[in-house]
Amino acid sequence: MSAIATALPETSRPWFLPDRGRVSMACLIIAESAIFTIFVVAYLYYAGKSLSGPAARDVLEAPVFYSICLLTSSLTIHLAGRFLARGQHVAFLTSWVLTVVLGGLFLFGTGQEWRHLIYQRGFTISTNLAGTTYYSLVGLHAFHLTVGLVLLLIVLIFALSGHVGRDHAARVEVLSMYWHFVDAVWVVVFTVVYVIGR
Amino acid sequence: MAADVMAFPGVQVESRPWVEILHEWVTTVDHKRIGILYIAYALVFLVIGGIEATIMRIQLLHSHNHFVSPQVFNRMFTMHGTTMIFYVAMPVLFGFANYLVPLMIGARDMAFPRLNAFSFWLMAFSGLLLYFSFVGGSGLYGAGNAPDVGWWAYAPLTAKAFSPGHSSDYWTIAVLVGGFGSIGTAINLIATILCMRCPGMHLGRMPLLAWLTVVMSGMVLITLTPLAAAQLMLLVDRYLGGHFFDTQAGGSAALWMHFFWIFGHPEVYILILPCFGFISEIVPVFSRKPIFGYPVMVGASVFIGFVSMSVWAHHMFTIGMSSYANSFFVITSMAVGIPTGIKIFNWLGTMWGGRILFRTPMLFSIAFLFQFLIAGLTGIMLAAAPFDWQLSNSYFVVAHFHYVIVGGIIFALFAAFYYWYPKMTGRMLSETLGKWHFWLFVIGFHATFDTMHIPGVLGMPRRIYTYEPGRGWDTMNLIVSIGAFIQGIAILIFVYNLIASYWKGALAGNDPWDAWTLEWATSSPPPAYNFASLPVIASRRPLWDLKHPEDPDSRYD
């Protein structure tokens, strides 16, 4: 099997290429942003256009505490990444567990909110346009958050069994990008659903 | 491939059991094998989609024909459109990109080989799911089988009330799953091109096919996802009782149109951009000149990528948008003509003064240039809103976009097949059969799609299953159908050529066309590892430098 000879080796300049993990995660985030954009557009387009009640402003209450939990988890995962890169294993584990707990709290909050809406208010996805757009947009975010939590838990299991070390800091950083994205999306969703939409 | 089996005289090579070979192909993560899987898969669906087109053309052969029922006709045009776009054009282009991009940029494989295989199988199974609807689509209600809502699946036709049974669900879920496969491949291609280039290959030295692939993949990320979002909404409507597109509850049918065409129009550019890449690789080699205006070509490609995302509503002039919206989409649609015009001039500039070799790949490329130009001109006609009001949803539109897809994309693909088949198999395609294929296909294409403009102007709407005699459509439709059969014969010659040349074709050697990009530096077919040692390049045409050390490109780079 032949191979190409080096044609005219130029003066050997250092050859840097971007990290494929970060590039592909950035691509995934671009693609996901487009999906969320469409759902946000649908939410805004249909805001106030339901033909029957209840309206979003009558039933929705902003989950401020759980939102703070989620935003804090961005900070803890960032710290976890830095601890891992510096080789501070216990600090890494602590902030990683904290991230999982905060993310889990947020998911619990969404569950509580939905339970309240469905059983106390009778507000479901098929009630009216407000219900359809609300559950779809918030549900899409909750789905992404759940995926993120599963990934965080996988890392946690590996970390507890001692398989996550300094060498994996770059990979953990890629997961961290995804988690930041899920948090940033929540800022948009929160603004759209609980501020503008009401 | 029997690539890694070297032939020694007098030594009997033991043939391996077919189960083992099948297992190798099913579990492969080699970008070349996955590329070939994509291409073979697309060719199978090309034949299926072609049969559906033929059924429609037989039905429209003359007025009041009863070859198929109206219901079957609806299924045929829905399945033909969906198949050709999602299961022929997309996979075949991904297949070529998969096969060629790592070779062209001097990499050993894609950035994520397993994601690559996963994406392929997602797409493969989504195609099977779509066609399973013929068997399983009636569901509990006994209504309908294959999807029959058109490939746009406009709301509210897809609502439970108008589309009972599961035929529309098969369409939705198949397209959704196939879309996830496409997004996976797009991410993989971008990561490969940005992160796996061989030393020396900075962005300004990449082959144009790699450039166009990266632009195309970026567009896939941004435009296939709105379709996925719209499909999710449709599923919410159909399964959870949502009201996104339920006009009875305040939902909007126009919103679906927007979401669909935000995907649908850029999709055309997603398909044509890699074809521009093929032409940009083939025309220079057969003109014996480097590509004219490389940086402008790159700029024009990126410009097309951006502009094409703001033109979608020119598919919707007839739904009654405001005059401001109409004007905006007229202007942006016409603006696409500028970068495409630049490209056509650059290809002509490459051929100008060159020593042109009229081999089959070049013949298809030249036909592409003419036909793509005409397709662009009817596109500019349709981009003018008042003209569109007159001819929207007529056979003029059908003729226009088939001119783009067949006259542009399919011709460029045939050029690519004749050009890279020697690299993929180690054998040349027969030049005689290639010429027969080319001329028959050109004649059939023009008989069908030139003629098809006329009944459109005379008022024949698309998607009708039959028509009244005496409207001036009869002769035209007869000619259109005859042209379709000629194209069918040409395709059969092509398929025969592909199969026969695999065993009987002349041996190709590494570099049959005396070309300049890296894929021709390795053996045909390439070994699993592509390059024994990673190449280091110093110009856009590394093989030229190798063959002409006295006057290398790198001197001017």
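Visitor: What percentage of the 557 residues of chain B count as buried?
Guide: This is a predicted model. A residue is counted as buried if 20 or more other C-beta atoms lie within 10 Å of its own. Of the 557 residues of chain B, the share that meets this criterion is 54%.

Visitor: What is the radius of gyration of chain B, and how does it relate to the globule rule?
Guide: Chain B contains 16 helices and 0 strands. For 557 residues the globule rule gives 24 Å, and the value for chain B is close to this, so chain B is as compact as a globular protein of that length. The radius of gyration of chain B is 24 Å.

Visitor: Is α7(B) parallel or oblique to α13(B)?
Guide: The axes of helix α7 (residues 253-287) of chain B and helix α13 (residues 395-425) of chain B come within 9 Å and cross at roughly 40°. Angles under 35 degrees count as roughly parallel, and those from 65 to 115 as roughly perpendicular. The crossing angle therefore makes the relation of α7(B) to α13(B) oblique.

Visitor: How many nonpolar residues does the contact of α7(B) with α13(B) have?
Guide: Helix α7(B) contributes residues including Val268(B), Leu271(B) and Phe278(B), while those from α13(B) include Val404(B), Gly408(B) and Tyr419(B). By class, the contact has 1 polar and no charged residues, and the number of nonpolar residues is 14.

Visitor: Which element gives the most to the side of chain B that touches chain A?
Guide: In total, 48 residues of chain B are in contact with 36 residues of chain A. The elements of chain B that give two or more residues to this side are α5, α6, α7 and α16. With 10 residues, the element that gives the most is α6(B).

Notes:
Residues numbered from 1 in each chain as written. Chains lettered and ligands numbered in written order. Predicted model: local features only at pLDDT ≥ 70, side-chain atom pairs only at ≥ 80, totals over all residues. Axes fitted to C-alpha atoms, helices over the stretch in contact; angles between N-to-C directions. Helix = DSSP H or I, 4+ residues; strand = E, 2+ residues; numbered from the N terminus. Parallel < 35°, antiparallel > 145°, perpendicular 65-115°, else oblique. Contact = placed C-beta atoms within 7 Å. Nonpolar A, V, L, I, M, F, W, Y, C, P; charged D, E, K, R; others polar. Rg over C-alpha atoms; globule rule 2.2 N^0.38 Å. Buried ≥ 20, exposed ≤ 12 C-beta atoms within 10 Å, placed from the backbone.
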